[in-house]
Each structure stands twice: as C-alpha cells, then as structure tokens.
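Me: I'd like to go through this structure with you and ask how its labels are earned. Could you show it first?

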Amino acid sequence: MRKKNQSSLSNKYWLMAISAICCILMILSLVSSFAATPFKEIANITVIPMQKGINQMGMFLSDFTSNFETLQSVKAENKALQEKLDILTIENNNLQQEKYELDRLQELYKLDQNYSDYKKIGAHVISKDPGNWFSTFTIDKGSADGIKVDQNVMAGSGLVGIVTSTSTHWATVRSIIDDSSNVSAMVLSSSDRCMVRGDLSLMTDGKIQFEQLENNDNVVPVGEQIVTSYISDKYLQGILIGYVNEINVDSSNLTRSGYITPAVDFRNLQEVLVITTTKADLKEADNSDTTGE
Amino acid sequence: MKRKAVSAVILVVCFLLQCTLFNLLSLGSIKPNLLLILTSAFGFSRGHKDGMVIGFFSGLLIDIQFGEILGFYALIYTIIGFANGFFKQIYYDDDVKLPLLLIAGSEAVYGIIIYVFQFLLRGEFHFVRYLEQIIVPELLYTLVISLALYPFILFVNRRFDAKEKRSASKFV
C-alpha cells in the first residue's frame with residue numbers, strides 16, 4: 001500500500017517537472033526565437049532526413065503511376081495545351097508590344113521596379129502539420145540554402161504563404177489558407193485594397209475570405225484577380241492570390257467582402273518556389289537610395 | 001531498455017506517418033491523430049509515467065517542426081498522457097470499449113483545448129462550427145484508425161510484459 005502511494009507521489013512530481021519544462025520552454029521561446037534552435041538542429045539530423053526520404057519515395061511512386069497514363073489522355077492533353085499555347089502566343093505578342101511602350105514610359109518616369117523578376121529557389125514540401133487546425137508545412141531547404149524568415153512562397157503563379165521559421169536544412173511555411181494568416185491585398189484592375197484572411201471553416205471548400213474592400217463605384221466582377229498589395233510589409237507587391245468567387249456588400253454598406261478561389265491547389269502541393277527577396281530588403285534598398293541622393 | 005527503444009521507434013514512425021502519408025489519407029481535409037492515440041494508449045495501459053513521457057515527446061516533435069511556441073503541444077500531450085494514467089486500475093487489455101472511450105475522450109479534450117487557446121483567445125466564437133467541422137470528424141476518424149493501431153500497441157506491450165515476467169521468474 002505504502003509503495004503504491006509513493007509511486008503516485010513520484011508521478012505527480014514527474015507531471016510537475018515536465019509541465020515546468022514545458023512552461024520554461026514556452027517562456028524562453030516567447031522571449032527569444034533562438035530558444036528553439038538546438039531542438040531544430042536535433043530535428044535536422046533525425047526527423048527531417050527521414051521525411052525527405054519518405055517524400056522522395058512518394059514522388060517516385062507517383063511518377064511511376066503516372067507513367068501508366070494512357071497515350072490517349074496524353075494526346076488529348078497535348079491537343080488542349082497546343083490550343084492554349086496558340087492563344088497565349090498571340091496574347092504574348094500583344095503584351096510584348098505593350099511592354100516596350102511601358103518600358104519607354106517607365107524610363108520617362110524613372111520608375112524601375114519590375115515585380116516579376118524576383119529571384120526564386122525551388123523546394124519540395126516534405127511534411128504537413130500533423131493536426132487539422134492549422135495549415136503549415138515544412139520544405140526541404142533551409143538557412144543554408146538562403147531561406148530566411150518572412151520570405152514569400154509561391155507555387156506556379158500563385159501565392160502560397162510565408163516562411164515562419166528556419167533551420168539549417170528545413171523551414172516552416174504558413175500557408176495563406178491558415179486561420180491565423182492575414183494578407184494585405186488589392187483588386188488588380190482598380191487597386192482597391194482589402195484583407196485576405198484564411199478561415200478554417202472554409203479550408204475544406206478550398207476557399208479563402210476577403211474583407212474590408214471599400215464599397216465604391218468600382219465594379220469587382222466574379223473572376224477578378226486579387227494580388228498582394230503595395231502597402232503590405234511582409235508580402236511583395238503583385239503576387240497573384242486568387243480569383244474572386246463571390247462578393248457581397250456588408251451590412252454596414254461601407255465595405256464589401258466575399259470569397260476567393262486561390263490560384264494554388266493547396267491539397268496537392270509538392271513543389272514550391274521561395275522568393276529570396278523580402279519586402280524588408282526592398283524597403284531598405286529604397287531607403288538607402290533616397291538617402292544617397 | 002529495449003522497451004524504451006521500441007516505444008521511441010513507434011513514436012517517431014507515427015509522427016512521420018502523421019506528417020507525410022496521412023495527408024494522402026485525409027478525408028475532407030481531416031486526418032486522424034496518431035500521436036494522440038499513442039499517448040492515450042500508453043497512458044491507460046502503462047500508467048501515468050509512460051503516458052506523460054510519450055505525450056511529452058510527441059508534443060515536442062510537433063512543437064519543433066510546426067509550433068509557434070515551443071512547449072505548447074508538449075504540455076497538452078503530457079497532461080493527456082497523465083490523465084489517461086488514472087484509468088490503468090480499471091483497464092483490462094481484453095476489453096476494447098474502455099480504450100476506445102478513452103481515446104475518444106482524449107481527442108475531444110484535445111480539440112477543445114486547441115480551440116480555446118488558439119481560436120477562442122483570438123476572438124473566434126463559433127464553437128459549434130469548429131465542433132462540427134474539425135473536432136467531431138477528427139474524433140471519428142481517429143477512432144477508426146485506433147481500431148487498427150491500438151491492437152498493435154497492445155501486441156507490443158504484451159510481448160514485453162511476457163518477456164519481463166519470464167526474465168523475472170528466472171531469478172526466482
């Protein structure tokens with residue numbers, strides 16, 4: 001009997017000790033971001049290589065299965081792509097002409113900012129958040145490859161998210177469909193600003209919410225492009241977020257809100273591109289320019 | 001010692017499966033929580049201490065790779081592991097109802113804790129919506145998976161128990 005009491009007492013001490021360790025870790029990581037570094041380094045040599053291995057195996061298997069796609073479907077796809085290519089070529093020619101004009105005008109205005117020429121690093125998604133509450137994932141490139149916190153992450157032509165923490169050979173990315181994500185955005189045609197907010201309850205539908213769009217005369221049709229805005233201090237300007245899916249005037253009559261279909265398929269995310277320039281870098285460059293002159 | 005090593009391997013394998021393969025098995029973007037099954041099962045079948053230790057390390061793994069604050073998930077899983085330890089006295093390994101009930105209970109408590117600390121405190125008051133969309137589906141899916149995972153944990157534990165008994169009787 002006495003022995004049993006002792007063991008339950010020691011269990012309580014264990015609970016207290018582990019809880020205390022957890023609390024200390026929480027406080028430390030709140031105070032400085034370096035508290036997690038040793039743990040991340042441990043993960044770097046243990047869990048991460050295994051995840052990379054599993055990921056490679058998965059990619060091999062998916063390649064393997066896609067090899068068995070029938071010739072017919074490939075032919076059909078080829079035809080469709082060919083048609084698309086023709087349309088795009090014509091469009092590209094038009095755009096090229098306009099670009100020359102734009103270049104000339106920009107030169108006149110001494111504007112020299114081209115948002116499409118950011119330098120990017122490709123990375124594989126190796127694992128996703130184990131829970132259902134958040135939407136973060138890990139990529140297989142880290143600070144050793146030039147990844148830094150706050151760098152924007154894209155897939156294809158759309159915005160995926162932002163790097164929230166890095167270690168030597170891996171980094172965590174929070175996607176824009178995550179419930180705690182807020183992106184300052186604008187409507188491409190009218191440059192009206194709005195906030196794009198991830199919402200857990202919309203995650204299953206594959207949509208995200210936008211709100212606080214000014215209720216002015218500018219008509220925003222369904223299908224309109226929403227891009228990152230010029231005032232955001234974390235996201236670079238002009239990255240495509242998605243297309244307007246539904247838009248409603250709020251009950252206050254002052255603002256409009258609605259839903260966006262993201263340009264990126266978040267369910268089948270395999271490869272992403274990390275833009276190595278951050279908004280802070282650009283701002284610094286701007287500041288040094290203006291002070292230099 | 002061997003038991004510890006095997007437990008650690010099971011833990012790491014579950015974590016890896018959870019972050020990689022189970023993304024493909026998700027139904028309606030809901031996936032089961034293997035680590036919680038593990039923590040809960042170790043808690044009620046092996047007692048407070050094992051539950052706590054397994055819980056602490058599963059939480060820590062999540063914290064390191066995905067958490068914003070280190071130690072948050074570790075604390076939740078530790079407490080869940082400890083709480084499951086209380087049921088060791090009434091637990092028989094032939095009975096499958098109590099384990100399922102405990103795993104379901106742990107899953108519900110876990111969901112509510114996450115909601116309160118990560119969503120309610122940010123001003124998201126639609127509890128019923130989260131209950132319907134995340135907590136209950138995750139609970140059901142976890143229960144289905146635990147029907148497969150729990151017998152495996154039981155099998156491993158039984159083998160080690162038998163071994164320990166044998167080696168103990170050798171000395172007697």
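Reply: Happy to, and here are some questions on what the labels rest on. Please keep in mind that this is a predicted model.

Me: How do you know whether chain A has the radius of gyration of a compact globule?

Reply: By setting one value against the other: the rule, 2.2 Å times the number of residues to the power 0.38, puts a compact globule of 293 residues near 19 Å, but chain A has 24 Å. Its C-alpha atoms fill a box of roughly 90 × 55 × 50 Å along the principal axes. Chain A is also divided into domain 1 (8-45), domain 2 (55-112) and domain 3 (120-293), and 22 Å separate the centres of domain 2 and domain 3.

Me: What makes a residue count as buried, and what share of chain A is buried?

Reply: A buried residue has 20 or more other C-beta atoms within 10 Å of its own. Buried residues make up 30% of the 293 residues in chain A.

Me: Why is the largest nonpolar core said to lie between domains of chain A?

Reply: Domain 1 (8-45) and domain 3 (120-293) of chain A both give residues to this core, so it lies between them. The core has 97 residues, and those with the most contacts inside it include A:V160, A:V196, A:I226 and B:L38.

Me: What is A:V196 in contact with, beyond its neighbours in sequence?

Reply: Leaving aside neighbours within four places, its contacts are A:I176, A:V183, A:A185, A:I208, A:F210, A:I226, A:I241 and A:I260. Contact here asks for C-beta atoms within 7 Å.

Me: What makes β6(A) and β9(A) a pair of strands?

Reply: At least two bridges are needed for a pair, and strand β6 (residues 182-187) and strand β9 (residues 225-228) of chain A have three, in the antiparallel sense. In β9(A), A:V227 is the bridge partner of A:M186. Antiparallel pairing over three bridges also joins β9(A) to strand β10 (residues 240-249) of chain A, where A:G242 stands opposite A:I226.

Me: How many residues does each chain bring to the contact between chains A and B, and which element of chain B gives the most?

Reply: Chain B brings 36 residues and chain A brings 35. On the side of chain B that touches chain A, α3(B) gives the most, with nine residues.

Me: How does that side of chain B divide by residue type?

Reply: Into 20 nonpolar, twelve polar and four charged residues. Gly is counted among the polar ones.

Note on methods:
Residues are numbered from 1 along each chain as its sequence is written. Chains are lettered from A and ligands numbered from 1 in the order in which they are written. This is a predicted model: local features need pLDDT of at least 70, side-chain atom pairs count only at pLDDT 80 or more; totals for chains, interfaces and linings use all residues. Domain bounds come from an automatic or database domain assignment. Two residues are in contact if their C-beta atoms, placed from the backbone, lie within 7 Å. Helices (H or I, at least four residues) and strands (E, at least two) are DSSP runs, numbered from the N terminus. A residue is buried if 20 or more other C-beta atoms lie within 10 Å of its own, exposed if 12 or fewer, and partly exposed in between; C-beta atoms are placed from the backbone. A nonpolar core is a set of buried Ala, Val, Leu, Ile, Met, Phe, Trp, Tyr and Cys residues joined through C-beta atoms within 7 Å.
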